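Work through the following exercises with the coordinates open, and try each task before reading its solution.

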Amino acid sequence: MTGLPFPRVRPATPALPEGATGLADQFGRVARDLRVSVTDRCNLRCTYCMPAEGLPWLPKPEMLTDEEIVRLVGVFVALGVRQVRLTGGEPLLRRSLVDVVRGIASLSPRPRIAMTTNGVGLDRLAAPLREAGLDRVNVSLDTVDPAEFAALTRRDRLHDVEAGLKAAATAGLAPVKVNAVAMRGINDTSVVELLQWCLDRDYELRFIEQMPLDAQHGWDSSTMVTAGEVRARLEERFTLTELPAEDRGSAPAERFLVNGGPATVGIIASVSAPFCQACDRVRLTADGQVRNCLFSRTETDLRGPMRDGASDAELVRLLQGEMWRKARGHGIGDPGFVQPDRPMSAIGG
Ligand code: SAM
């Protein structure tokens, strides 16, 4: 057992309007971007995500099988999802990942398939994943300073991540994106070096603010490095030109041309300037729970009904019910905000 009290809800009668189609919510947003967590396990221990000792992992019988994942993604695709991002935990730790990608790529209409990974092991897997149908990859890398990397991830795997990034580019998983979180006192002063490193290798860097999703509940708004701070630091070395907001769509990153372009850098102010209004995401956890928001405190179980023989039409109603009740915003900063019980690694970042 995980020891974490995972909320599970099966809405008996979702308050959906007659004839509702797709994955709409009551505020008019429509989900088109599905994040699928294929495992809750990870081989790094990033301080903003997991405790040093790790977490009690999901027992195998509770995890969706490859066939179950592909079937459920097919139901999402039939409801209008057009992009599927595989995540975790660390998705590369799922032994059958290449088969999962191949299964999703065989759906019709075929969704775009992306993956968020820490890059450890990607040197071996980039080519087979590409061949199976993976289109794009985001590699999480917060610093290229070996001591900072070890302090942040509690592992000495920087070389593996670098090799993974190289292999992704060689395999044609372009544009290769790098995701970074700036942590005060660890890597907040080296963001300039990270950007220069990415520019030199043609990787597209995006910073994201640290969110209250760590298993240890150690997040503190007063010490969080804000998007504004990251921008100010980068501007000490680079000229950043803001790209028009209309180019942004539902993408959360504010994007800037670096030194006149064509290279860009993104800064995601998920806490200080949330983009909930434009959110088009929905999440499926490794144990088959649907979440309408990273910060939701409830979720809808699809695994149970599916294993009990639910038809696709029944799964559709469950999914639509979950999406319909999506909150207007994530609520971080509201007086009554309570962090979700599941940490980021168990939801799928
Ligand atoms: N293991 C994969 C990886 O490292 O990319 C996928 C899962 S990880 C949870 C996905 C992303 O979430 C990573 O880029 C990680 O940096 C980010 N992340 C984890 N905890 C976070 C937090 N508390 N705030 C902001 N981002 C976080």
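**Exercise 1: Salt bridges**

The side chains of Arg 157 and Asp 160 meet in a salt bridge, with 3.0 Å from N to O, where a salt bridge is a side-chain nitrogen of Lys or Arg within 4 Å of a carboxyl oxygen of Asp or Glu. The model is predicted, so local features need pLDDT of at least 70 and side-chain atom pairs count only at pLDDT 80 or more, whereas totals for chains, interfaces and linings use all residues. Residues are numbered from 1 along each chain as its sequence is written, and side-chain values use heavy atoms, with hydrogens and water left out.

Task: determine which parts of the chain the pair Glu 68 and Arg 307 ties together.

Solution. Begin with the distance: the side chains of Glu 68 and Arg 307 form a salt bridge at 2.8 Å, N to O. Next, locate the partners: Glu 68 lies in helix 1 and Arg 307 in helix 8 (residues 303–307), so the pair ties together parts that are 239 residues apart in sequence; helices here are DSSP runs of H or I with at least four residues, strands are runs of E with at least two, and both are numbered from the N terminus. Finally, consider accessibility, for which buried means under 20% relative accessible area, exposed over 50% and partly exposed in between, with a 1.4 Å probe and protein chains only. Glu 68 is buried at 14%, while Arg 307 is partly exposed at 39%.

**Exercise 2: A buried charge**

Task: establish which side chain of opposite charge is nearest to Glu 209.

Solution. First place the residue: Glu 209 lies in the loop between strand 6 (204–208) and helix 7 (227–235). Then search for a partner, counting Lys and Arg as positive and Asp and Glu as negative, with His and the chain ends not counted. The nearest side chain of opposite charge is Arg 184, 9.4 Å away, and Glu 209 is buried yet has no salt bridge.

**Exercise 3: Ligand contacts**

Task: identify which atoms of the ligand and of Gly 89 and Ser 140 approach each other.

Solution. Start from the surroundings: among the 17 residues around the ligand, with a heavy atom within 4 Å of it, Tyr 48, Gly 89, Glu 90, Ser 140 and Met 211 come nearest. Then inspect the polar contacts, which are pairs of N or O atoms within 3.5 Å. A ligand nitrogen atom is 2.9 Å from a polar backbone atom of Gly 89, and a ligand oxygen atom is 2.5 Å from an N or O atom in the side chain of Ser 140.

Notes. A polar contact is a pair of N or O atoms within 3.5 Å; within protein, one must be able to donate a hydrogen and the other to accept it, and residues adjacent in sequence count only if both atoms are side-chain atoms.
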